Amino acid sequence: GRLRQGLASIDEVTAEFVTTVFERGESNSCNGDSGGPALSTYVESDGTLRSAIIGITSTGSTADCELGDRTSYINIQSPE
């Protein structure tokens, strides 16, 4: 019943997926998060800070969502 957010570093981007690896000091998606958005924040050339949905939470590599888990988000942008 509580909305949460966190930060993670992108590990890999392909035409199908954006992948993160859960490391200390970062956040992770887990069971029940499927379908939720993955947002990226970036700075445009004019200095404007923007956010965009880049993926949809899909799956993780471990059932327990612990350190080292690779989370895949369906890429809804481009591989770049």
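**Figure 1. Strand 3 and strand 4 of the predicted model, paired in the antiparallel sense over seven bridges.** Strand 3 covers residues 37-43, and strand 4 covers residues 49-60. Two of the facing positions can be picked out by name: Ala-38 stands opposite Gly-55 of strand 4, while Val-43 has Leu-49, also in strand 4, as its bridge partner. The two strands form a hairpin with five residues between them, and within the turn Gly-47 has a positive phi of about 90 degrees. In general, the strands of a sheet pair through backbone hydrogen bonds, and this pairing may be either parallel or antiparallel.

**Figure 2. The open sheet of five strands to which this hairpin belongs.** The strands follow the order 1-2-5-4-3, and their pairing is antiparallel. The edges of the sheet are formed by strand 1 (10-13) and strand 3, each of which has a single partner strand, so that one side of each is left without a neighbour in the sheet. Neighbouring strands of the sheet are turned against each other by 35 degrees on average, when direction is ignored.

**Figure 3. Strand 4 beside strand 5, with Ile-56 and Ile-74 as bridge partners.** Strand 4 and strand 5 pair in the antiparallel sense over five bridges. Ile-56 is found in strand 4, and its bridge partner in strand 5 is Ile-74. With a relative accessibility of 32%, Ile-56 counts as partly exposed, because the partly exposed class lies between the cut-offs of 20% and 50%. Both Ile-56 and Ile-74 also contribute to a nonpolar surface patch of about 500 Å², which is made by these two residues together with Phe-17, Leu-39, Ile-53 and Ile-76.

**Figure 4. The disulfide that joins Cys-30 to Cys-65.** The structure holds one disulfide, in which the two sulfur atoms are 2.0 Å apart. The link of Cys-30 and Cys-65 is right-handed, with 85 degrees about the S-S bond. This pair links distant parts of the chain, 35 residues apart: Cys-30 lies in the loop between strand 2 (17-21) and strand 3, whereas Cys-65 lies in the loop between strand 4 and strand 5 (70-75). The surroundings of the two cysteines can also be compared through their accessibility. Cys-30 is partly exposed, with a relative accessible area of 31%, whereas Cys-65, with a relative accessible area of 11%, is buried.

**Figure 5. The backbone at Cys-65, in the loop between strand 4 and strand 5.** Phi of Cys-65 is near 60 degrees, which is a positive value in a residue other than glycine. As a general background to this view, most residues other than glycine have a negative phi.

**Figure 6. Gly-32, placed in the loop between strand 2 and strand 3.** This loop also holds Cys-30 of the disulfide. Gly-32 counts as exposed, with a relative accessibility of 76%, because the exposed class begins over 50%. A second residue gives a sense of distance in this view: the C-alpha atoms of Gly-32 and Thr-48 are separated by 33 Å, although these residues are 16 residues apart along the chain.

Terms used. Residues numbered from 1 in each chain as written. Predicted model: local features only at pLDDT ≥ 70, side-chain atom pairs only at ≥ 80, totals over all residues. Heavy atoms only, no water. Disulfide = S-S within 2.5 Å. Helix = DSSP H or I, 4+ residues; strand = E, 2+ residues; numbered from the N terminus. Buried < 20%, exposed > 50% of the residue type's maximum accessible area, 1.4 Å probe, protein only. Pairing = 2+ DSSP bridges. Axes fitted to C-alpha atoms, helices over the stretch in contact; angles between N-to-C directions. Patch = residues over 30% accessible without salt bridge, like charges linked within 9 Å, V, L, I, M, F, W, Y side chains within 5 Å. Areas by Shrake-Rupley, 256 points an atom, 1.4 Å probe, with all protein chains shown as cover. Salt bridge = Lys/Arg side-chain N within 4 Å of Asp/Glu carboxyl O.
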